[in-house]
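Dear colleague,

I am handing over the structure below, followed by an account of what was found in it. Please read the notes with the model open beside them.

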Amino acid sequence: MPPSKELIGRELSTGTATIEAEHVAAFAKALGDDNPAYRGPGATAPPTYPIAFMAQAMAGGMNTFLELGLNFMTLVHGEQEFEYLRPLAVGETLTLTGRIGDIYEKQGSGGILDFIVLETEARDVAGEPVFYSRNVIISKRM
C-alpha cells in the first residue's frame with residue numbers, strides 16, 4: 001500500500017537541541033576536520049553538524065513514520081541538503097520542527113519505490129530561522 005499523500009504537510013514533531021562545545025569538537029574530530037573554528041570560545045559548528053542532533057530532537061515523529069507504512073527493511077537515505085541563514089553558534093538552543101514535505105513514487109528495476117521528503121526548520125530562541133534541512137528517504141514498496 002502506498003504512503004498516503006494526505007500526510008504531506010503533517011508536522012512530525014518539534015524538539016529542541018543545544019549546541020554543545022564538546023559535542024561539536026567530537027563531531028569535527030570524527031570527520032577528521034581539524035579546523036580551529038570548531039573548537040574553543042566562539043566556536044561554530046561544521047555545516048553537516050545538525051544531522052548529529054536532528055534525529056534525537058525529532059524522535060517524537062515515529063508514529064507518523066509507522067503510519068506511512070514504509071518497508072523499514074529496505075529503507076535508505078536518498079539525499080540530504082541544508083540551507084543556512086547563518087552559522088550555528090556553540091551554546092545556542094534551537095527549536096526544530098519537522099514535517100513531511102512530499103510523497104511520491106518511482107518505478108525501480110525491482111518494483112515501486114516510495115520517496116518521502118522530510119523537511120526540518122530550525123529557529124533560534126528569538127524565533128529567527130537558522131537553517132532548513134531537506135532529506136529524502138526511499139523505501140521499496142512491500
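Phe82 is partly exposed, with a relative accessible area of 23%, where buried means under 20% relative accessible area, exposed over 50% and partly exposed in between (1.4 Å probe, protein chains only). Its ring partner Phe131, by contrast, counts as buried at 0% relative accessibility. The ring centres of Phe82 and Phe131 are 6.1 Å apart and the planes stand at 70°, so the pair is edge-to-face; for such pairs the centres of Phe, Tyr or Trp rings (for Trp the six-membered ring) must lie within 6.5 Å, and planes under 30 degrees apart count as stacked, over 60 as edge-to-face and the rest as tilted. This pair links distant parts of the chain, with Phe82 in strand β2 and Phe131 in strand β5, 49 residues apart; helices (H or I, at least four residues) and strands (E, at least two) are DSSP runs, numbered from the N terminus.

Before going further, please note that this is a predicted model, in which local features need pLDDT of at least 70 and side-chain atom pairs count only at pLDDT 80 or more, while totals for chains, interfaces and linings use all residues. Residues are numbered from 1 along each chain as its sequence is written, and side-chain values use heavy atoms, with hydrogens and water left out.

A search of the whole structure finds 6 aromatic pairs. One of them is formed by Phe27 and Tyr49, which meet edge-to-face at 5.3 Å centre to centre with 85° between the planes. Here too distant parts of the chain are linked, since Phe27 belongs to helix α1 and Tyr49 to the loop between α1 and α2, 22 residues apart. Phe27 is buried at a relative accessible area of 16%, and Tyr49 is buried at 1%. Ring pairs also join Phe27, Tyr49 and Phe53 into a cluster.

Turning to the interior, the largest nonpolar core (a set of buried Ala, Val, Leu, Ile, Met, Phe, Trp, Tyr and Cys residues joined through side-chain atoms within 4.5 Å) has 16 residues, of which Ile19, Tyr49, Phe53, Leu88, Leu94 and Phe131 touch the most other members. At least two residues of this core come from each of α1 (21-31), α2 (51-57), β3 (93-108) and β5 (129-140), and α1 gives the most, with 3 residues. Apart from this core lies another, of 10 residues, among them Leu70, Ile103, Ile116 and Ile137. If residues up to four places away in sequence are not counted, Tyr49 touches Ile19, Glu20, His23, Val24, Phe27 and Leu88, contact meaning heavy atoms within 4.5 Å.

As for the sheet, 5 strands form an open arrangement in the order β1-β3-β4-β5-β2, with antiparallel pairing; two strands pair if DSSP finds at least two bridges between them. β1 and β2 stand at the edges with a single partner strand each, so one side of each is left without a neighbour in the sheet. The twist averages 20° from one strand to the next, the axes being lines fitted to C-alpha atoms (for helices over the stretch in contact) and the angles running from 0 to 180 degrees between N-to-C directions. Within the sheet, 13 bridges join β3 to the antiparallel strand β4 (residues 111-123), and one residue to look at there is Tyr104, whose bridge partner in β4 is Phe115.

The structure also holds 8 salt bridges, each defined as a side-chain nitrogen of Lys or Arg within 4 Å of a carboxyl oxygen of Asp or Glu. The side chains of Arg10 and Glu67 form one of these, at 2.7 Å from N to O. Arg10 lies in the segment before β1 (11-18) and Glu67 in helix α3 (residues 62-68), so the pair ties together parts that are 57 residues apart in sequence. A further salt bridge joins the side chains of Arg134 and Glu79, at 3.2 Å from N to O. With Arg134 in strand β5 and Glu79 in strand β2 (residues 76-84), this pair ties together parts that are 55 residues apart in sequence. Glu79, Glu81 and Arg134 are linked in a network of salt bridges.

With best regards
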